[in-house]
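Dear colleague,

Here is the structure that I promised to hand over, followed by an account of what was found in it. Please read the account with the structure open beside it.

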4 protein chains.
Amino acid sequence: MEVNENQSIEQIILETAERLFLEKGYESTSTTKIAREVGCNQALIHYYFRTKENLFNRIFEDKFRMLFQQLFSTENLSHLSFTEKIRHIAQTHFELLEKNPRIPLLILNELSRQPEQLKSLREKLHAYPEKAFKELNGDLQQEIAAGKIRNCSLPDIIVTMISLNVALFLMMPVVEQLLMFDKNQKKALIQHRKEENINFLLAGLRP
Amino acid sequence: MEVNENQSIEQIILETAERLFLEKGYESTSTTKIAREVGCNQALIHYYFRTKENLFNRIFEDKFRMLFQQLFSTENLSHLSFTEKIRHIAQTHFELLEKNPRIPLLILNELSRQPEQLKSLREKLHAYPEKAFKELNGDLQQEIAAGKIRNCSLPDIIVTMISLNVALFLMMPVVEQLLMFDKNQKKALIQHRKEENINFLLAGLRP
Amino acid sequence: MEVNENQSIEQIILETAERLFLEKGYESTSTTKIAREVGCNQALIHYYFRTKENLFNRIFEDKFRMLFQQLFSTENLSHLSFTEKIRHIAQTHFELLEKNPRIPLLILNELSRQPEQLKSLREKLHAYPEKAFKELNGDLQQEIAAGKIRNCSLPDIIVTMISLNVALFLMMPVVEQLLMFDKNQKKALIQHRKEENINFLLAGLRP
Amino acid sequence: MEVNENQSIEQIILETAERLFLEKGYESTSTTKIAREVGCNQALIHYYFRTKENLFNRIFEDKFRMLFQQLFSTENLSHLSFTEKIRHIAQTHFELLEKNPRIPLLILNELSRQPEQLKSLREKLHAYPEKAFKELNGDLQQEIAAGKIRNCSLPDIIVTMISLNVALFLMMPVVEQLLMFDKNQKKALIQHRKEENINFLLAGLRP
DNA sequence: TATGAATGAGCCTTCATTCAT
DNA sequence: AATGAATGAAGGCTCATTCAT
């Protein structure tokens, strides 16, 4: 990928398309609209990406990977207690969503639009962070054995964490409109729920 | 075109459209496709509902109402403790979603497609279960005062409950495909999470 | 044609259709709209008139006949001078248009839409007022011979009269909007032109 | 699709559309029909002009401007007497209509179809020939004062002129069919009325 | 590399008309 | 006499894609 000045045109298309796909979804984003916003010819989109589907998938897979792979970051957390590790992971996850609040909806929609896509994604996601998972699980079993945490599985903890975080951003637009929130109220709610999600998650672990 | 004993063509269109809208969303469901599945002329769709938007809204408002109004059912739970009430509500909510697993995604999408609709929905939902809410909140404050529940607000409890339940069904298609679940595994997971959601919710309330 | 109370439904359809056709023209008036304004079923229009074209023609021929046959009314004008007769005819014609200002445009449009229709109209208009025409022409020749009127043909006089009168009502909507007339100004202009048309017509006859 | 030496496809579409709009009017001319006659895909019409309305307006405004702005040509007629000037203007106007006989009907129809258009047209026609008008009016007042012309206003003279000329071409299709004229007879009639219109106009001015 | 031109397929919608009742 | 249901055809328009340049 060549870079002219700061951004190659290909990159501009990718970013514009990403924004539009996130705003309006796949169906409601036409290549015409992308081209108009990029300020280029409609045919150029197809010159670079052959099809709209291609363009979308390239963006989509990036986002999907980002959302799933960063779940167990490569950071070294080994100096922390299990509870502290979970708190840290949950916080990081929340902040990732805070920066990308519309991606979950995009992913859910696209996977219901063409479920076959998951097959190829599954293969590409092979870099599963098995090591980090094992370490965490070891910690957890110790805590349970020590009676410091109630008996529950690591996957359940993770699902609960993801559910709480993701659901907040998925439902935020509805809540926002339903309660007629302004930007500040919205921000405040998000910060409040950031704490409350962790509260519930950790409180729910106690024996 | 023959009409089934119990079902008028209008009803068949409604049901077919509902299924397709839930499967593919608004944009990806064409009136042509609906007509093809119903087995009638495309013009008939417009004969009964004038516009695609009309047809959709008729379905959508029903679903939306169902999901929100049954949140606090009118059942009398006053003989139960606060914790038992929450457990019951969470279970009922979960079972409602179990029967309508695709509706949350539909709602999230539609409200971002045409946010103005929320205005009219807000008015139509005036039958807000204020009484039930107040009773619950009274119970909660007593429990907190008695030191039986940690200090947290009723809205936070409800948001947590909804998040856990809704997120499960929103993410289920992804999980299902990602982990290559068959129907039984899926069922088992749902039942397991049904309990686990309640576990986390109630465990998270303890002081 | 049966009459219920004051008006048969057939009559109501005819009158409603007439109004709509005059307002919007043939193409822009749908049987749906007619039915809606009549307050009846769409199929009823076709029950009575078989096709939209039929309904239109029935109205159209009436209007066409009215506009052309009343040109030489059956009134006895023989006690008047030629000039007085022309004045009377021109006035009558003008007043006919005043009451039916949109009919000329309807006729012009329809005859350019389906010119074949004129064939059948020509036959139906056989009741051409030959006698009145001959009498007028006799008068005219006498006046010319007596040097009281310049040498010109009766058809030319009639065409001039029709042109002046018809053109006024055809162009009135444009003039009205272009000069931003209100109703009173419009009325005043029409009355003024009524005189002026006759002025020009009669002044143009002088030798 | 091949492009003629001198004519771009866009130009061909414009000319074909103009012909069809003039023949059948706006409503009865479909973009499909235009495309068929042009020999291109229907989508191409929309590629060049986006909407049918756009295409029409582009043609319409040209025609409208042509018909109204050339009314008082910029030619220098100051060496002529008032009567001669009027004769010249009337002739020019007549000849303009002779070359564009169907435009008046188009204009009348369109302005009743969407009267708001007049607003924008009025602004675009600002180049109103005020100077020519004032000069003519000065001449007229002198002639009236000198007793050479009867007391009448310039607008009345102009309206009479336009009425006579326009009405002829508006009514010609009716006359043509009603009297079963062939082309020669039609031509002869037009030439005859060209003189006769001027005769009536000028004769009508005499005191 | 980049684009203007062109197209086939599909979209939602409206229409006049028919038919069984 | 009157109507609800149903339909084929056509309308304007948008879309993703292709191709020659």
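On the surface near DNA strand E, at least two residues each come from H3 of chain A, helix H2 (31-38) and H3 of chain B, helix H2 (31-38) and H3 of chain C, and H3 of chain D; helices here (H or I, at least four residues) are DSSP runs, numbered from the N terminus. Before going further, please note that this is a predicted model, in which local features need pLDDT of at least 70 and side-chain atom pairs count only at pLDDT 80 or more, while totals for chains, interfaces and linings use all residues. Residues are numbered from 1 along each chain as its sequence is written, chains are lettered from A and ligands numbered from 1 in the order in which they are written, and side-chain values use heavy atoms, with hydrogens and water left out.

To stay with DNA strand E, there are 33 residues around it, of which A:Asn41, A:Tyr47, A:Tyr48, D:Asn41 and D:Tyr48 come nearest; a residue counts as near a strand if one of its heavy atoms lies within 4 Å of it. Of the atoms of DNA strand E that come within 4 Å of the protein, 61% belong to sugar and phosphate. By class, the surface near this strand is made up of 14 nonpolar, 16 polar and three charged residues, where Ala, Val, Leu, Ile, Met, Phe, Trp, Tyr, Cys and Pro count as nonpolar, Asp, Glu, Lys and Arg as charged, and the others, Gly among them, as polar. Phosphate oxygens of DNA strand E lie 3.0 Å from a polar side-chain atom of B:Ser30, 3.3 Å from an N or O atom in the side chain of B:Thr32, and 3.2 Å from a polar side-chain atom of D:Tyr47.

DNA strand F is surrounded by 33 residues, and the closest are B:Asn41, B:Tyr48, C:Asn41, C:Tyr47 and C:Tyr48. Here sugar and phosphate account for 63% of the strand's atoms that come within 4 Å of the protein. The elements that each supply at least two residues of the surface near DNA strand F are helix H2 (31-38) and helix H3 (42-49) of chain A, helix H3 (42-49) of chain B, helix H3 (42-49) of chain C, and helix H2 (31-38) and helix H3 (42-49) of chain D. That surface has 14 nonpolar, 16 polar and three charged residues. As for its phosphate oxygens, one is 2.6 Å from an N or O atom in the side chain of B:Tyr48, a polar side-chain atom of C:Tyr47 lies 2.4 Å from a phosphate oxygen, and at D:Thr31 a backbone N or O atom lies 2.9 Å from a phosphate oxygen.

Turning to the protein chains, the contact between chain A and chain B (heavy atoms within 4.5 Å) takes 41 residues from chain A and 42 residues from chain B. The area buried between them is about 3900 Å², of which carbon and sulfur atoms give 63%; buried area is the accessible area (1.4 Å probe) that two parts lose on being put together, summed over both. On the side of chain A, the residues that lose the most area to chain B are A:Arg122, A:Leu178 and A:Phe200, together 16% of what that side buries.

Four salt bridges are counted between chain A and chain B, a salt bridge being a side-chain nitrogen of Lys or Arg within 4 Å of a carboxyl oxygen of Asp or Glu. B:Arg150 forms a salt bridge with A:Glu196, with the closest N and O atoms 3.0 Å apart. The side of chain A that touches chain B draws two or more residues from each of helix H4 (52-69), helix H6 (103-113), helix H7 (117-124), helix H9 (154-178) and helix H10 (183-203) of chain A. H9(A) gives the most to that side, with 14 residues. By contrast, no contact joins chain A and chain C, whose closest C-alpha atoms lie 32 Å apart, and none joins chain B and chain C, where the closest C-alpha atoms lie 12 Å apart.

Finally, A:Ile13 lies in helix H1 (residues 9-24) of chain A and is buried, with a relative accessible area of 0%, buried meaning under 20% (1.4 Å probe, protein chains only). A:Ile13 and A:Val38 are 25 residues apart in sequence and 6.2 Å apart in space, C-alpha to C-alpha.

With best wishes

Methods
Polar contact = N/O pair within 3.5 Å; in protein donor to acceptor, adjacent residues only side chain to side chain. Buried < 20%, exposed > 50% of the residue type's maximum accessible area, 1.4 Å probe, protein only.
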